[in-house]
Amino acid sequence: MAISFLNGDVSDLCLGKPAIRWIPASAKVSDAVTALKRSGETHISVWTFDNITNESSECVGKICLTDVICFLCKEENLANPLKAVEAQISEILPKVPSIVRHLEPNSSLLEAIDCILEGTQNLVIPIQNHRSTFARKKFPNKPFSFDSTHCNGREYCWLTQEDIVRFLLNSIGVFSPIPGMTIESLHLIEHDIMTVNYLKPASSTLDYLSRSLVEQTSVAVIDEANRLIGEISPVTLACCDELVAAAISTLLAGDLLAYIDCGGPPEYLVELVRMRLEERNFGAMLELMEEFSNSSTASLSSSCSSDDESGSSFCGSSGRNSPGRSSEAIVCYPWSSLVAVMIQALAHRLSCIWVVEEDHTLVGTVTFAGMLKVFRSVVGVNLKREFI
């Protein structure tokens, strides 16, 4: 039964999903920030684009504000952030093949899972409807705009690990009794995790953050006894504005947790960041922080709207760009059941959940990819039984 279920068309998971917005790989980093803020989405797709024919050809990656933040944390970019955001997007795209992959709507769910287990984060699926067909015939060479959802006259949607896990949860009985088993007994706990002591500089996590973007995980902030205090997550950072790069470059990891928390940064930490930027002669970044912190919420909104129209996008504040996530880590335990962890991860929209002991000692993580590997293995076992 599990085999026939996983052989269903992947298009079943795409019903009702919105068309993805896109940006050409030749666009500037500032254009990506503008597109992300206008769309309100965490990621935007990046496509190769022919300026002569005004046609996009292939999705080559995706970009989020965390990519921009990590880029701005480089020493030379902190010194001149306005120059840095004039760089091409291609300079900051993760240099990892197959992070995104095209898949046809009639491909099986099993094929989609195999792609993810090979390292793909987002599957690009053509949307099958009358509207996309009409657009393909009537507007084949529509130029790029920040609100564009048409690529080669078609519309596409993302299919993510979260989408597939949610779909499997809706038919979880098909895989019984596995969902009721503990994550420990299923060997789901991954022990190769990224951690940083809360007293270490937050900048020491930059390599980890780049890795966590690729692996869709987070960086655990721990104390001397290896107890979990919180996490520095790419998802949390993506809810901040780009100027949080200044905080990462000047604060300790423990202080950064308070800075990026959903309540906004405490004023004493904002002042600390300013002081340390001044000490390191990062005047340009300091001027940006001063400019935006002196604006009220209303004037900031007006400024950002005006900048969007003129093409400039470096409009943030010293806090958050939008209502975001808490830096508090979501945890489960080795004896938690698979289905319980699935529900927990989906409820919080997290691709990984930390595993701790009762005293909060960190054990490892459970990821969406690990869950999918378990469900994929069920098919392999059933196929072996059929041949016996």
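Which residue in β10 is the bridge partner of Val221? In this predicted model, that partner is Gly230. Let's take a look at the sheet around this pair, and then at a helix pair elsewhere in the chain.

## The sheet

Val221 and Gly230 bring us to a sheet of three strands, which is open and follows the order β8-β9-β10. Its pairing is mixed. At the edges sit β8 (194-197) and β10 (228-232), each of which pairs on one side only. From one strand to the next, the twist averages 35 degrees.

Strand β9 spans residues 219-222. With β10, strand β9 pairs in the antiparallel sense, and four bridges join the two.

## Helices on the sheet

Helix α9, made of residues 206-215, lies across β8, β9 and β10. Relative to β8, helix α9 runs at about 150 degrees. Helix α12 (residues 253-260) packs on the sheet as well, where it touches β8, β9 and β10. The directions of α12 and β10 make about 65 degrees.

## A helix pair: α6 and α8

Now for two helices that pack on one another: α6 (residues 109-117) and α8 (residues 161-169). Their axes are 11 Å apart and the packing angle is about 135 degrees. Because angles over 145 degrees would count as roughly antiparallel and 65 to 115 as roughly perpendicular, α6 and α8 are oblique to each other. Their crossing is left-handed.

On the α6 side, the contact is made by Leu109, Ala112, Ile113 and Ile116. Helix α8 contributes Gln161, Ile164, Phe167 and Leu168. Sorted by character, the residues of this contact are seven nonpolar and one polar, with no charged ones.

Key. Residues are numbered from 1 along each chain as its sequence is written. This is a predicted model: local features need pLDDT of at least 70, side-chain atom pairs count only at pLDDT 80 or more; totals for chains, interfaces and linings use all residues. Side-chain values use heavy atoms; hydrogens and water are left out. Two strands pair if DSSP finds at least two bridges between them. Axes are lines fitted to C-alpha atoms, for helices over the stretch in contact, and angles run from 0 to 180 degrees between N-to-C directions. Contact means heavy atoms within 4.5 Å. Angles under 35 degrees count as roughly parallel, over 145 as roughly antiparallel, 65 to 115 as roughly perpendicular and the rest as oblique. A crossing is left-handed if the near helix is turned anticlockwise from the far one by less than a right angle, and right-handed if clockwise. Ala, Val, Leu, Ile, Met, Phe, Trp, Tyr, Cys and Pro count as nonpolar, Asp, Glu, Lys and Arg as charged, and the others, Gly among them, as polar.
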